[in-house]
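Student: I should like to learn how to read a protein model step by step. May we go through one together?

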Amino acid sequence: MKGVGDGKRICEEFSNGYYGVCAVGGMLSAGTTHVAITPLDVLKVNMQVYPIKYQSISTSFTTLLREQGPSAFWRGWAGKFFGYGMQGACRFGLYEYFNKVYSNVLVDQNKGLIFLLSSMSAEVIANVALCPFEAIKVRVQAQPHYAKGLADGFPKLYMSEGLRGLFRGLIPLWGRNLPFSVVMFSTFEHSVDFLYRKVMQMKKEDCTKAQQLGVTCLAGYAAGSVGSIVSNPADNIVASLNNKKANSLKQAVKRIGFVNLFTRSLPIRIMLVGPVVTLQWFFYDTIKVLNGF
């Protein structure tokens with residue numbers, strides 16, 4: 001994967017140490033950026049779960065502030081930090097690993113196929129790690145009296161619903177994040193290649209670190225925005241199932257409505273995901289550079 005510069009390497013590329021750096025970079029970049037946008041995530045979840053009450057970003061903000069106070073906007077931050085941190089570690093670390101594996105096995109295949117297989121393989125595992133945290137986060141954000149956060153929400157959910165409750169949203173989560181991850185990594189890789197060839201018209205190695213960082217950020221924003229559009233239907237279903245607005249995938253789709261699956265909360269998701277993915281790539285590349293990659 002393309003970085004923003006070179007330095008003294010602490011270990012060999014594609015060694016266990018390298019994958020460890022990638023995992024730590026993914027964990028820190030994903031966990032911190034997701035915590036930073038917790039207030040917007042709270043608005044998004046409530047707009048998905050209570051669409052009649054919360055019809056727009058501005059009215060949702062004023063209503064939540066008036067009824068629940070400023071603290072409401074930081075509800076679920078721990079679930080986001082640890083859940084998306086775990087997901088980021090698996091998503092980025094395993095993507096690098098599978099990318100190398102498939103590149104060695106599928107030597108003569110198109111790079112697009114390798115990007116697809118690598119991102120899908122990593123994301124399947126990443127979402128298993130995320131799912132319990134996401135289940136608690138969504139409940140805490142949309143149900144003020146359910147729990148204060150991860151510490152009391154986790155045992156409460158496990159005691160009442162067991163492992164089934166913790167992993168209830170796994171299939172819709174795969175439905176949301178598998179397309180998102182495939183589109184994100186593929187769009188990022190192809191955008192980087194396009195920007196260097198057509199816009200910069202020079203090799204990455206010949207660009208300054210500032211130019212390389214600019215390419216990373218532009219490609220990251222494109223990847224996040226396109227990915228959020230593709231994954232929006234499943235995101236609405238995850239919120240509905242985890243807050244018991246529906247008992248099955250079929251019922252969730254029926255209650256939300258086909259058109260609403262694609263349009264409900266989409267503007268705020270683009271506001272959320274585009275900058276978040278941009279920052280993730282920025283921090284991820286920076287961590288790799290600081291470690292010599």
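**Reading a predicted model**

Tutor: Let us begin with a single residue: Phe185 is buried, with a relative accessibility of 0%. Please keep in mind throughout that this is a predicted model.

Student: Which value of relative accessible area makes a residue buried, and which makes it exposed?

Tutor: A residue is called buried under 20% relative accessible area and exposed over 50%, with partly exposed in between. In this protein, buried residues make up 53% of the 293 residues.

Student: How many helices and how many strands does the protein have?

Tutor: The protein has 11 helices and zero strands. Read from the N terminus, the order of elements is therefore α-α-α-α-α-α-α-α-α-α-α.

Student: What does the radius of gyration say about the overall form?

Tutor: One compares the value with that of a compact globule. For 293 residues such a globule would have a radius of gyration near 19 Å, and the protein agrees, since its own value is 19 Å. The C-alpha trace spans about 55 × 35 × 35 Å along the principal axes.

Student: What share of the contacts joins residues at least 24 apart?

Tutor: Among contacts between residues at least 6 apart in sequence, 77% join residues at least 24 apart.

Student: How is the surface described, and where do the charges lie on average?

Tutor: The accessible surface comes to about 13,400 Å², and carbon and sulfur atoms account for 66% of that area. The protein has 31 positive and 17 negative charges, and the mean positions of these two sets are 11 Å apart.

Student: How is a pair of aromatic rings described?

Tutor: Two quantities are used, namely the distance of the centres and the angle of the planes. A search of the whole structure finds 17 aromatic pairs. One of them is formed by Phe92 and Phe185, with 5.8 Å from centre to centre and 70° between the planes, and it is edge-to-face. The term applies because planes over 60 degrees apart count as edge-to-face.

Student: Which parts of the protein does the pair of Phe92 and Phe185 tie together?

Tutor: Phe92 lies in helix H4 (residues 77-105) and Phe185 in helix H7 (residues 170-200), so the pair ties together parts that are 93 residues apart in sequence. Phe92 is buried, with a relative accessible area of 1%, and Phe185 is buried as well, at 0%.

Student: Which residues form an aromatic cluster?

Tutor: One aromatic cluster consists of Phe14, Tyr18, Tyr19, Tyr97, Phe98 and Tyr102.

Student: What does Ser181 touch, and is Ser181 buried or exposed?

Tutor: Ser181 is found in helix H7. Its relative accessible area is 0%, so Ser181 is buried. Leaving aside residues up to four places away in sequence, Ser181 touches Arg91, Ser119 and Glu123.

Student: Which residue other than glycine has a phi near 55°?

Tutor: That residue is Gln201, whose phi is positive. Gln201 is placed in the loop between H7 and helix H8 (209-242), and at 63% relative accessibility Gln201 counts as exposed. Ser265, which is not a glycine, has a positive phi of about 65°. Ser265 lies in the loop between helix H10 (258-263) and helix H11 (266-290), and at 6% relative accessibility Ser265 counts as buried.

Student: How many ångströms separate the C-alpha atoms of Lys245 and Arg255?

Tutor: Here one sets separation along the chain beside separation in space. Lys245 and Arg255 are 10 residues apart along the chain, and their C-alpha atoms are separated by 8.4 Å. Lys245 lies in the loop between H8 and helix H9 (249-256) and is partly exposed, at 32% relative accessibility. Not counting residues up to four places away in sequence, Lys245 touches Val49, Tyr50, Ser240 and Arg255.

Student: How far apart in space are Phe82 and Thr59?

Tutor: From C-alpha to C-alpha they are 30 Å apart, with their positions 23 residues apart in sequence. Phe82 lies in helix H4 and counts as partly exposed at 43% relative accessibility. Apart from residues up to four places away in sequence, Phe82 touches Phe133 and Leu150.

How values were computed
Residues numbered from 1 in each chain as written. Predicted model: local features only at pLDDT ≥ 70, side-chain atom pairs only at ≥ 80, totals over all residues. Heavy atoms only, no water. Helix = DSSP H or I, 4+ residues; strand = E, 2+ residues; numbered from the N terminus. Rg over C-alpha atoms; globule rule 2.2 N^0.38 Å. Buried < 20%, exposed > 50% of the residue type's maximum accessible area, 1.4 Å probe, protein only. Contact = heavy atoms within 4.5 Å. Areas by Shrake-Rupley, 256 points an atom, 1.4 Å probe, with all protein chains shown as cover. Lys, Arg positive; Asp, Glu negative; His and termini not counted. Charge placed at Lys NZ, Arg CZ, Asp CG, Glu CD. Phe/Tyr/Trp six-rings, centres within 6.5 Å; stacked < 30°, edge-to-face > 60°.
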